[in-house]
Amino acid sequence: MGITCLIRWKNATGMRDFTLIAEHVTKSLQGKNTGPWSLSFKVFRDMSQNHRQIALKDSKFLYQVSLTQQPGHVYCMVDGSVVVEAEKEMEIILSRLKNLWQLRQNVTIEGTSYEIGDFTLRVANILLGSTYKGLLLEIDYHPCSTPNNASDIFREFVESIVPVTAQLSCEYEYNYEAVGLSNQEFTTAHTSYQYMMLFRNDGLF
């Protein structure tokens, strides 16, 4: 499946910059529009403690990611724990455990996917309710399968598709072993972990 890098273009201006990238990719880079894609991101708050005495910032959270690339699976992580792959039924189980985990945020992001040579580019506007939070770029580089092994290639690719004025939030390398993921073989779980870190570190929930 290659390896993935996530970018948030923080000062993008909605559909205008979405269209800017789409036209640049299809006309200048000869990329091919391969259709829609989407992801679902949920955040649950631990309700097993007495939250009258615990501030929100000190609460424990469970993050859940569902990607169109793996429609039958979800990926979950509790703060300070490891990333776990589970069947889609996990969503039903969590919905029945409201006394333990309370749904705090449920976000669905929808966009368009493009094939550009050795890359797949997925682009979507980030809308949290009615609040615009920038443009999301998910980039797959197919020839490589080793995590943290194509940082320079990703940087060059990103520079080729966004203007120099773009303010970007991104990490090109992660400590995957700390959350129980391999540093030798990239999987969809690695992509899901990147989403968890992006949403958490950028305060998007």
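In the predicted model, the exposed residues Arg16 and Lys27 lie on the face of helix H1 that is turned away from its buried side. The buried residues of this helix are Asp17, Phe18, Ile21, Ala22 and Val25. Around the axis they cover an arc of only 140°, which places them on the same side of H1. This arrangement can be read against the geometry of the α-helix: with 3.6 residues a turn, residues three or four places apart point the same way.

The length of H1 was also examined. Helix H1 comprises 14 residues (residues 15-28), which at 1.5 Å a residue should span 20 Å; the C-alpha atoms at its ends are 19 Å apart, in agreement with that expectation. After H1 comes Gln30, which has a positive phi, near 55°.

The buried residues of H1 pack against four strands, S1 (3-9), S6 (101-116), S7 (119-128) and S8 (131-141), and against helix H3 (151-161).

Helix H3 was analysed in turn. Its buried residues are Ser151, Phe154, Phe157, Val158 and Ile161. Because the arc that they cover around the axis is only 130°, these residues fall on the same side of H3. Asp152, Glu156 and Glu159 are exposed on the other side of this helix. The elements that cover the buried residues of H3 include H1, the strands S1, S6, S7 and S8, and strand S9 (168-170).

Conventions. Residues are numbered from 1 along each chain as its sequence is written. This is a predicted model: local features need pLDDT of at least 70, side-chain atom pairs count only at pLDDT 80 or more; totals for chains, interfaces and linings use all residues. Side-chain values use heavy atoms; hydrogens and water are left out. Helices (H or I, at least four residues) and strands (E, at least two) are DSSP runs, numbered from the N terminus. The expected span of a helix is 1.5 Å times one less than its number of residues. Buried means under 20% relative accessible area, exposed over 50%, partly exposed in between (1.4 Å probe, protein chains only). The arc is that of the directions from the helix axis to the C-beta atoms. Contact means heavy atoms within 4.5 Å.
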